[in-house]
Amino acid sequence: MPPKAPLNWGCMPPSFLLPSSTRFLTPLIQQNATRVSHPATAYTCIRGIKSTNTPRPDRFAHHPSKPALNATSTAALERRAHSTPLRTGLLALKRGMTSVYDTESGKRTPCTVLQLDRNEVVAHKTRDKNGYWAVQIGAGQKEARNVTRPMLGHFAAGKVSPKRWLVEFKVKDEGGLKVGVGEMVGAAWFTKGQWVDVRAISRGMGFAGGMKRHGFSGQPASHGQSLMHRGMGSAGGSQGSGSRVLPGKRMAGRMGGESVTVKNLKVLMVDNANGLVVVSGCVPGPKNQLIQLQDALGKPWPKGPMTTAELGPVEIAAEAEAAEAVAV
C-alpha cells in the first residue's frame, strides 16, 4: 500500500470552499498562521495484526546450557543406531535354488545358492566427511575402457581394479570400518547358522491386471455379468470422495522390477573356497541377479568376524577351538 500524503493539520481549506459569510476572516487567519508556524508532520500508515498469543520459541535455537536438539543429524543417527548393522554386508549373485536334506530327520529344506564375486572394499564413508558411517563394496570385474575417467580415479584411490557393481552398506559406528580399503572379503564373512537379510530387484512381470498384481477376486462369473469377469471394478466415487481417483488406488500396471527385502533367512552352508553361501528359502530376482547380503536386523547380532585378519580356513578355526577346549 503506497504511503499517504502528509496532512497539514490546522490549515484552512481553500477560500472557494468556505461559506460566503466567513470569507472575510481568511486574511486574519493567514496572518495568525504566519506568526505561529507549526511544522508539517509526515507519516506512513503501517497496518498490522496484533496477536494475542505469545511467540513460540524457535526449536532450532541452540544454547550450550540447554540439552541437545532432537532435530540434528547426530540425534538422527543415534535414533537409528539400534537398527544399524555393526559390520558391512557383501554382494552376491543368485545362481539358483536347490534342496538340503537333514541327515538325522530327513527333512527337506529348499534353499538358494549365492555366489560371491571378488568383493573388495573400495572406500569408507565417515561421519566427519560424509555425515554417516558406511563401507563401499565393489564386486565383479569391468574393462577399464568401459569405465569413465572419474570412476577410474575413484578405483585408483582405493587401489582396486574397476568393479562392475558398487554398493554402500551403512554401519553403526567407526568399528564397522575395520575392514581396510583394498581388502578382499570372502564367503567366510558369514557363518553357518546365522540369520541374514537379502535385498534385490524382483523379477519383472510386465503390465499386469488387478487380479494378478494385487490379488483381486474379480467379478462374478455368471448371473448377468458380461465382459467384466477380471475387471477391477470402480476406480473412485463421485461427490462423496471428491469426484476423483484417490492417490494410491490399486490398479492395473507394471508389476515387479522393484526393490524387495526378504528378512531372516538362515545360512545353511558356507563354502569359502568357491565363494558360495547357501541360505534357506527363496530370494527375489531371476538367476544371476545381484543380491545384497547383510546381517539380519530382526535377530541378535552374530559373533562374526569384524576384520579380514579374523578370516581363515575353517579347518584352522576348528583346530583352534579344539585346542582351546583341551587347554580348558
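**Figure 1. The loop between β10 and β11, around Ala273.** A strand is a DSSP run of E at least two residues long, and strands are numbered from the N terminus. Ala273 belongs to the loop that lies between β10 and β11. The model is predicted. Is Ala273 buried or exposed? Its relative accessible area is 75%. Exposed means over 50%, so Ala273 counts as exposed. Gly186 is 87 residues from Ala273 in sequence. In space, their C-alpha atoms are 8.6 Å apart.

**Figure 2. The closed barrel.** Six strands make up this barrel, in the order β1-β2-β11-β10-β7-β12. The pairing is antiparallel. On average, neighbouring strands are turned by 45 degrees against each other, direction ignored. One of the pairings is β7 with β10, antiparallel and joined by six bridges. Here Trp195 stands opposite Lys266 of β10. Strands of a sheet pair through backbone hydrogen bonds, in either the parallel or the antiparallel sense.

**Figure 3. The largest nonpolar core.** This core holds 32 residues. Leu91, Phe190, Val196, Val277, Val279 and Leu293 have the most contacts inside it. At least two core residues come from each of β1 (90-101), β2 (108-116), β4 (134-139), β5 (165-170), β7 (195-201), β10 (259-271), β11 (276-280) and β12 (290-295). Which strand gives the most? β1 does, with four residues. In soluble globular proteins, nonpolar side chains tend to be buried together.

**Figure 4. The surroundings of Val279.** Val279 is among the core residues with the most contacts inside the core. Neighbours within four places in sequence are left aside here. Val279 then touches Cys111, Thr112 and Leu114, among others. Its contacts also include Val196. Leu265, Lys266, Val267 and Leu268 are in contact with Val279 as well.

**Figure 5. The open sheet.** Four strands run in the order β5-β4-β3-β6, with antiparallel pairing. β5 and β6 (184-185) stand at the edges. Each has a single partner strand, so one side of each lacks a neighbour in the sheet. Six bridges link β4 to β5. Within this pairing, Gln136 has Glu168 of β5 as its bridge partner. β3 and β4 are paired over five bridges. Glu120 is bridged to Gly138 in β4. Two bridges join β3 to β6.

**Figure 6. Asn119 in strand β3.** β3 spans residues 119-125, and Asn119 is part of this strand. Why does Asn119 count as buried? Its relative accessibility is 1%, and buried means under 20%, so Asn119 falls in that class. Across the pairing with β6, Asn119 stands opposite Val185. Leaving aside neighbours within four places in sequence, Asn119 has contacts that include Leu90 and Leu91. Ile137, Gly138 and Ala139 are also in contact with Asn119. So are Glu183, Met184 and Val185. Six of the seven residues of β3 are buried, so the strand is largely enclosed by the rest of the structure.

**Figure 7. Charges over aromatic rings.** The charged end of Lys299 sits over the ring of Trp195, at 4.6 Å from the ring centre. Trp195 is also the residue that stands opposite Lys266 in β10. In a second view, Lys170 lies over the face of Tyr132. The distance to that ring centre is 5.1 Å. How many aromatic pairs are there? With ring centres required to lie within 6.5 Å, the count is zero.

How values were computed: Residues numbered from 1 in each chain as written. Predicted model: local features only at pLDDT ≥ 70, side-chain atom pairs only at ≥ 80, totals over all residues. Heavy atoms only, no water. Core = buried A, V, L, I, M, F, W, Y, C linked by side-chain atoms within 4.5 Å. Buried < 20%, exposed > 50% of the residue type's maximum accessible area, 1.4 Å probe, protein only. Contact = heavy atoms within 4.5 Å. Pairing = 2+ DSSP bridges. Phe/Tyr/Trp six-rings, centres within 6.5 Å; stacked < 30°, edge-to-face > 60°. Lys NZ or Arg CZ within 6 Å of the ring centre and 35° of its normal. Axes fitted to C-alpha atoms, helices over the stretch in contact; angles between N-to-C directions.
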